[in-house]
Amino acid sequence: MNPPIKRRLLFGERMLLGDGTEPFNVVIAFRLRGSFTLKEIQQALARIQNKHPWLRALISYDEKNIPWFNVPEKPASIPVRIITRQSEDQWQEESRKEWNTNFNYEKLPLIRFIWIKGENVSDMLFAFHHCLCDGGSAMAFSHEFLKVLDNPAAEIGVEKPILGIEDVVPASILNSRRQKLKARFIGRLAATAIKCIPVSKKAVERQNDYLIHWKLDETVSKQLIDYCKSQKVTVNTFLSAAVLQAFKKIRGEKSFNKVSCPVDIRRFARQIKEDHIFAFGLMIVVSSDEKLSFSDNLRAMQKSVEQKTSKLNPYITMMVMESGHDALNNFTRLLKNGKSSNDCMFSNLGRIKIPHQYKAFSVDTIFSPTVIGPLGNTTTMVTSTYRGEMDFSFMGSEGYLPYTDALAVSDEVIQTIHSQLKQMAVS
């Protein structure tokens with residue numbers, strides 16, 4: 001039996017949780033070739049739950065109505081839902097279903113498992129609440145799940161969970177009077193500014209959510225990576241530029257020339273390990289210069305990305321946010337009801353380091369995570385690379401970006417990739 005563990009949700013996690021009435025769910029889907037039993041799946045899920053305390057956690061509220069992660073002595077298992085596999089795209093339909101299904105987090109864990117069961121091909125989905133963790137953490141526990149599904153005796157270790165800000169921010173910064181004052185000052189300033197920003201009484205009517213999915217084959221994916229190396233820019237910058245150009249072309253005056261890109265906090269805060277269950281992210285906003293050609297823009301954007309990234313400070317950011325719990329409602333209202341100011345969020349998880357061939361099965365493909373939540377503009381593009389193929393998930397809602405526009409944007413992004421590669425081949 002495990003000892004009970006608990007911690008208060010951090011500001012960012014509380015924001016993602018909201019009041020619990022609206023889902024903010026992430027889904028990761030992967031396709032396996034092989035045959036499985038429910039017992040094998042349940043045993044593998046129990047192993048990863050055993051490793052990660054927060055995969056066993058429920059949420060409870062204290063007398064001040066503040067939510068806490070709470071790991072009970074006798075935890076509930078990860079629920080499994082089984083459906084018969086009828087088509088290749090069924091995982092998309094089930095992902096959309098999972099986006100809109102709340103977690104009963106006072107009684108059950110913040111994670112579920114969906115098995116789309118076929119003869120010798122199965123699609124498997126992890127659906128989890130975004131306040132539990134980010135895509136990076138989810139890839140880590142997905143990797144562990146596959147490892148123990150293949151070999152129940154495989155060693156995956158035990159996570160020493162993050163129990164609060166003091167496990168992330170070094171004591172020398174956390175206890176520094178100067179840094180504390182700075183964080184409080186910035187926090188107060190932001191809280192006051194947020195109060196003054198006019199927001200409409202009502203949030204945008206989201207209407208229908210959708211998912212558009214595509215892949216680049218291995219050859220094109222490799223050419224794109226080589227092209228970016230030759231231009232001395234990251235794939236991330238190239239794709240951000242392609243997305244911005246697509247929105248400009250399709251949306252015209254309605255485009256914002258802004259893409260927000262999450263930056264993995266683990267790059268800066270080494271205390272957060274690859275396999276930590278953790279949801280806090282950093283963010284930069286990327287724009288393009290309309291006066292420049294696509295390739296000149298790439299270099300200008302790369303420079304800007306590097307400058308913005310170098311200024312990111314996870315420790316002060318966390319301290320500022322932790323000083324602002326009392327401003328949470330105003331901040332959430334601003335995100336929900338404020339005017340949209342960016343075209344989309346673009347996230348590149350990079351190369352997924354999960355093996356393809358296991359003893360008992362093989363992993364055919366891993367689809368880029370999909371996510372949708374209630375905090376304002378839902379338009380999000382996520383990409384990742386597995387077995388040399390770049391995979392794209394593009395999510396949105398009719399109320400923010402009509403589906404026909406989203407289709408045109410995705411076509412335009414694909415078009416830009418091919419035309420840039422063609423130009424390189426000619427030159």
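Trainee: What makes E1 and E4 a pair of strands?

Mentor: In this predicted model, E1 and E4 pair in the antiparallel sense over four bridges. Two strands count as paired if there are at least two bridges between them, so E1 and E4 qualify. One of the contributing residues is Lys6, whose bridge partner in E4 is Asn70.

Trainee: Which sheet do these strands belong to, and why are E1 and E3 said to stand at the edges?

Mentor: The sheet is open, has three strands in the order E1-E4-E3, and is paired antiparallel. Strand E1 (5-8) and E3 each have a single partner strand, so one side of each is left without a neighbour in the sheet. From one strand to the next, the twist averages 30 degrees.

Trainee: What is the strand order in the sheet of six strands, and which strands stand at its edges?

Mentor: That open sheet runs E8-E15-E14-E11-E9-E10, with mixed pairing. Strand E8 (209-216) and strand E10 (282-286) stand at the edges, because each has a single partner strand. Neighbouring strands are turned by 20 degrees against each other on average, direction ignored.

Trainee: How do you know that E9 and E10 are paired?

Mentor: Five bridges join strand E9 (residues 259-263) to E10, and the two run antiparallel. The requirement is at least two bridges, so E9 and E10 count as paired. Ser260, for instance, has Val285 in E10 as its bridge partner.

Trainee: Which helices lie on this sheet?

Mentor: Helix H8 (residues 235-251) lies across E9, E10, strand E11 (344-351), strand E14 (380-386) and strand E15 (389-397), and runs at about 150 degrees to E11. Helix H9 (residues 294-310) also packs on the sheet, where it touches E9 and E10. The direction of H9 makes about 150 degrees with that of E10.

Trainee: Why are H7 and H8 called roughly perpendicular?

Mentor: Helix H7 (residues 218-231) and H8 pack at an angle of about 100 degrees, with their axes 9 Å apart. The range for roughly perpendicular is 65 to 115 degrees, and the angle of H7 to H8 therefore falls inside it. Leu224, Ile225, Tyr227 and Cys228 of H7 meet Val235, Phe238 and Leu239 of H8. These contact residues divide into seven nonpolar, no polar and no charged.

Trainee: Why are H2 and H4 called oblique instead?

Mentor: Helix H2 (residues 38-51) and helix H4 (residues 135-150) pack at about 130 degrees, with their axes 9 Å apart. Roughly perpendicular ends at 115 degrees and roughly antiparallel begins over 145, so an angle of about 130 degrees is oblique. The crossing of H2 and H4 is right-handed. H2 contributes Glu40, Ile41, Ala44, Leu45, Arg47, Ile48 and Lys51 to the contact, and H4 contributes Phe141, Glu144, Phe145, Val148 and Leu149. Here the division is eight nonpolar, no polar and four charged.

Trainee: Is His52 buried or exposed, and how do you know?

Mentor: His52 is in the loop between H2 and strand E3 (58-61). Its relative accessible area is 0%, and buried means under 20%, so His52 is buried. Neighbours within four places in sequence aside, His52 is in contact with Phe141, Glu144, Glu159, Asp275 and Ile277.

Trainee: What makes Glu73 partly exposed?

Mentor: Glu73 has 44% relative accessibility, and partly exposed lies between the limits of 20% and 50%, so Glu73 belongs in that class. Glu73 is placed in the loop between strand E4 (67-71) and strand E5 (80-84).

Key: Residues are numbered from 1 along each chain as its sequence is written. This is a predicted model: local features need pLDDT of at least 70, side-chain atom pairs count only at pLDDT 80 or more; totals for chains, interfaces and linings use all residues. Side-chain values use heavy atoms; hydrogens and water are left out. Buried means under 20% relative accessible area, exposed over 50%, partly exposed in between (1.4 Å probe, protein chains only). Axes are lines fitted to C-alpha atoms, for helices over the stretch in contact, and angles run from 0 to 180 degrees between N-to-C directions. Contact means heavy atoms within 4.5 Å. Ala, Val, Leu, Ile, Met, Phe, Trp, Tyr, Cys and Pro count as nonpolar, Asp, Glu, Lys and Arg as charged, and the others, Gly among them, as polar. A crossing is left-handed if the near helix is turned anticlockwise from the far one by less than a right angle, and right-handed if clockwise.
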